[in-house]
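User: Hi! I'm new to reading protein structures, and I'd like to go through this one step by step. Can you help?

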Amino acid sequence: GGKMNDLEELYSKSNFDISKEKSMTVQLDEIFKKKLGFLGTFQQVIGILAIINGAFACIGIITAIIGVPVIIIGLKVFKAGGAYKASLLNANGEDLKNGLCETSDAAKLYLIVLIVFIVLSFFHYYYDSNDSGIISV
């Protein structure tokens, strides 16, 4: 196990060592409050629009493949917007952290949906332009 000890030692000295929790301070100056407040409202509006868009996509059975994740993304983005606003009201860093985590989860899901959509669009275009009629919407 000599090699494993070397890796453990290297890991413990790296920047990725998260065994000791570190904290961070953010000054709530007027500009930051305005920016975070706008971001909260923006994400809530975008969240609602995504939920509506996802609901319409769920009308079709095949398009629901995209619609359901879009609704989930919308909910997460809306929730994150609320957390940003809450962090301003209570000056609570935990709310800000939760908002950023929700935004990160939504972004990850959005990236997956976007890639799936691009791949499906490519196949739809490819088969449609071939006039094979395999996928014809």
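**Walking through the model**

Analyst: Sure! The protein chain has 4 helices and 0 strands, and keep in mind that this is a predicted model.

User: In what order do the elements of the protein chain run from the N terminus on?

Analyst: With 4 helices and 0 strands in the protein chain, helices are what there is to list. From the N terminus on, the order is α-α-α-α.

User: What share of the residues in the protein chain is buried?

Analyst: To be called buried, a residue needs a relative accessible area under 20%. Out of the 137 residues in the protein chain, the share that passes is 21%.

User: How do α2 and α3 lie relative to each other, roughly parallel or roughly antiparallel?

Analyst: Let's start with the numbers: α2 covers residues 30-57, and its axis is 7 Å from that of α3, at an angle of about 160°. Angles over 145 degrees count as roughly antiparallel. So α2 and α3 are roughly antiparallel.

User: And which handedness does the crossing of α2 and α3 have? 

Analyst: The contact of α2 with α3 involves 17 nonpolar, 12 polar and 2 charged residues. As for the crossing of these two helices, α2 and α3, it's left-handed.

User: Which helix gives the most residues to the largest nonpolar core?

Analyst: That core has 7 residues: Ala50, Ile66, Val70, Ile73, Val77, Ala106 and Val113. Both α3 and α4 supply at least two residues each. The top giver, with 4 residues, is α3.

User: Let's zoom in on Val77. Which residues is Val77 in contact with, leaving aside its neighbours within four places in sequence?

Analyst: Val77 belongs to the largest nonpolar core, and so does Ala106. Ala106 turns up again among the contacts of Val77. With the sequence neighbours left aside, the full set is Gln43, Ile46, Gly47 and Ala106.

User: Is Ile66 buried or exposed?

Analyst: Ile66 sits in helix α3, and apart from residues within four places in sequence it contacts Val113, Val116 and Phe117. Along the chain Ile66 and Val116 are 50 residues apart, yet their C-alpha atoms are separated by 8.2 Å. The relative accessible area of Ile66 is 18%, and the cut-off is under 20%. So Ile66 is buried.

User: What about Glu102, buried or exposed?

Analyst: Glu102 is part of helix α4. Not counting residues up to four places away in sequence, Glu102 touches Lys76, Lys79 and Ala80. Its relative accessible area is 14%, and anything under 20% passes the cut-off. Therefore Glu102 is buried.

User: How far apart in space are Thr103 and Ala80, C-alpha to C-alpha?

Analyst: Thr103 is in helix α4, and at 23% relative accessibility it counts as partly exposed. Beyond its neighbours within four places in sequence, Thr103 contacts Gln43, Ala80 and Tyr84. Thr103 and Ala80 are 23 residues apart in sequence, but in space the C-alpha distance is 5.9 Å.

User: Last one: is Ala91 buried or exposed?

Analyst: Ala91 lies in the loop between α3 (64-90) and α4 (93-129). Ala91 has a positive phi of about 50°, although it isn't a glycine. Its relative accessibility is 52%, and the cut-off to beat is over 50%. So Ala91 counts as exposed.

Methods
Residues are numbered from 1 along each chain as its sequence is written. This is a predicted model: local features need pLDDT of at least 70, side-chain atom pairs count only at pLDDT 80 or more; totals for chains, interfaces and linings use all residues. Side-chain values use heavy atoms; hydrogens and water are left out. Buried means under 20% relative accessible area, exposed over 50%, partly exposed in between (1.4 Å probe, protein chains only). A nonpolar core is a set of buried Ala, Val, Leu, Ile, Met, Phe, Trp, Tyr and Cys residues joined through side-chain atoms within 4.5 Å. Contact means heavy atoms within 4.5 Å. Axes are lines fitted to C-alpha atoms, for helices over the stretch in contact, and angles run from 0 to 180 degrees between N-to-C directions. Angles under 35 degrees count as roughly parallel, over 145 as roughly antiparallel, 65 to 115 as roughly perpendicular and the rest as oblique. A crossing is left-handed if the near helix is turned anticlockwise from the far one by less than a right angle, and right-handed if clockwise. Ala, Val, Leu, Ile, Met, Phe, Trp, Tyr, Cys and Pro count as nonpolar, Asp, Glu, Lys and Arg as charged, and the others, Gly among them, as polar.
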